Amino acid sequence: MFTGTRPAPPRFVRHLPYVAVATVAALALSACGGGSEKAESKPAVTSAGGEAPSAFPVTVEHKYGSTTIDKEPKRVVTLGLSDQDAVLALGVKPVGAVDWFKEEPYGKWPWTKDKWGSDKPQIVGERDEYNVEKIAALKPDLVIAQYSGMKKEQYDTLSKFTKVVAQPKGLPDYGASWQVMTRQIGKSLGRADETEKLIEGIDARFEAAREKHPEWASKTLAVADSFEAGKYSAFTKTDPKSIFFQELGFKLKPEIDTLAKPGWNVAELSAEKLNVLDVDRLVWVTSSTDANTRIKAEPLYKKLKVNQDKRDLFVPYQDPDIGAAFSFNTVLSIPYAIDEIEPLLTAIK
């Protein structure tokens, strides 16, 4: 469980401790020569169209001000938990990325496997704990941190040797929609037009699903998980999982938002609070069959009508990677998530 006032990033698979890396700016600057070296050897960016975009310079506003990018980035590091998906969708392979759950899934997920090919990024941290020395050693000319909780001091440190586009301004950390974050990434890479086409394509997928299933518009839905006995979590309207199902047409339950701590995208529930999950469709996204069995055995859960009517759905994070797909909720993972979840939802009567 996360502590302190920092928002908890959406979780999947399991809880794991942070990687605590203490690195100073002096090390970073000495490792990369103050960001003045040009990355002309082994460029890590592949243009989707084979030609450098002509949009530069571009200025991107973000939480900590604005960043002007003068020319096409050749070495990109992503520090948002799912930022690499939008970057890959635009034909760019990041040289560095953070690891969400110490499982180094790069190249594994079905929606990114072909995009990565045989390449893998350098792991430069876990979640919001960044190893500045490792980042500097990659000599990036752009760092992107959209789906992140980057702190001002981290931004300032990184900005001493590279361009940094922090999370969107005016929104809570981890609270921006996939559309907003994708546009920020697309603008940073000088590919705004390609980005709009990507977004339009995903919006069309959601619209097609809503038109095919108009009955979903009258149904309330909640997404929940449980990582240990007696403790349950329900995701608020700002969590990617909830956003995904809302865009499919379902209505979310506002009571869940009122139970979450300020700035958090998850409400922690005791067994006595499980009644908030008595909705028309309840999606449990879990990491094991043991968790499913434990949830189903909870006496207070058995009393819920959604359980008694068999309107609850247990979806794995991995194998198959359905839960992971709508947890990422990106321009690459959404089509896969829709294809996989639609038959499961329609099977519920």
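The following legends describe close-up views of a predicted model.

**View 1. Helix 14, residues 333–346, and its kink.** Helix 14 has 14 residues, which at 1.5 Å a residue should span 20 Å. The C-alpha atoms at its ends are 20 Å apart, in agreement with that expectation. A kink of about 25° is found at glutamate 340, shortly before proline 343.

**View 2. The buried residues of helix 14 and their surroundings.** Ser333, Ile334, Tyr336, Ala337, Ile338, Ile341, Glu342 and Leu345 are the buried residues of this helix. Among the elements that cover them are helix 2 (83–89), helix 6 (178–188), helix 7 (192–212) and helix 8 (240–247). Strand 14 (312–316) and helix 13 (322–328) also belong to this cover.

**View 3. The largest nonpolar core, of 78 residues.** Leu79, Met150, Phe244, Phe245, Leu248, Phe326 and Ile341 have the most contacts inside this core. Helix 14 gives the most to the core, namely six residues. Leaving aside residues up to four places away in sequence, isoleucine 341 touches Phe244, Phe245, Leu248, Leu313, Val315, Ile322 and Phe326. Another core, of 20 residues, lies apart from the largest one and includes Ala271, Leu274, Val276 and Val306.

**View 4. An open sheet of six strands.** The strands follow the order 6-5-4-3-7-8, with mixed pairing. Strand 6 (129–130) and strand 8 (164–165) stand at the edges; each has a single partner strand, so one side of each is left without a neighbour in the sheet. Strand 4 (residues 96–99) pairs with strand 5 (residues 122–126) in the parallel sense, over three bridges. Glycine 96 has glutamine 122, in strand 5, as its bridge partner.

Technical notes. Residues numbered from 1 in each chain as written. Predicted model: local features only at pLDDT ≥ 70, side-chain atom pairs only at ≥ 80, totals over all residues. Heavy atoms only, no water. Helix = DSSP H or I, 4+ residues; strand = E, 2+ residues; numbered from the N terminus. Expected span 1.5 Å × (residues − 1). Bend = angle between axes of the 7 residues up to and from the residue. Buried < 20%, exposed > 50% of the residue type's maximum accessible area, 1.4 Å probe, protein only. Contact = heavy atoms within 4.5 Å. Core = buried A, V, L, I, M, F, W, Y, C linked by side-chain atoms within 4.5 Å. Pairing = 2+ DSSP bridges.
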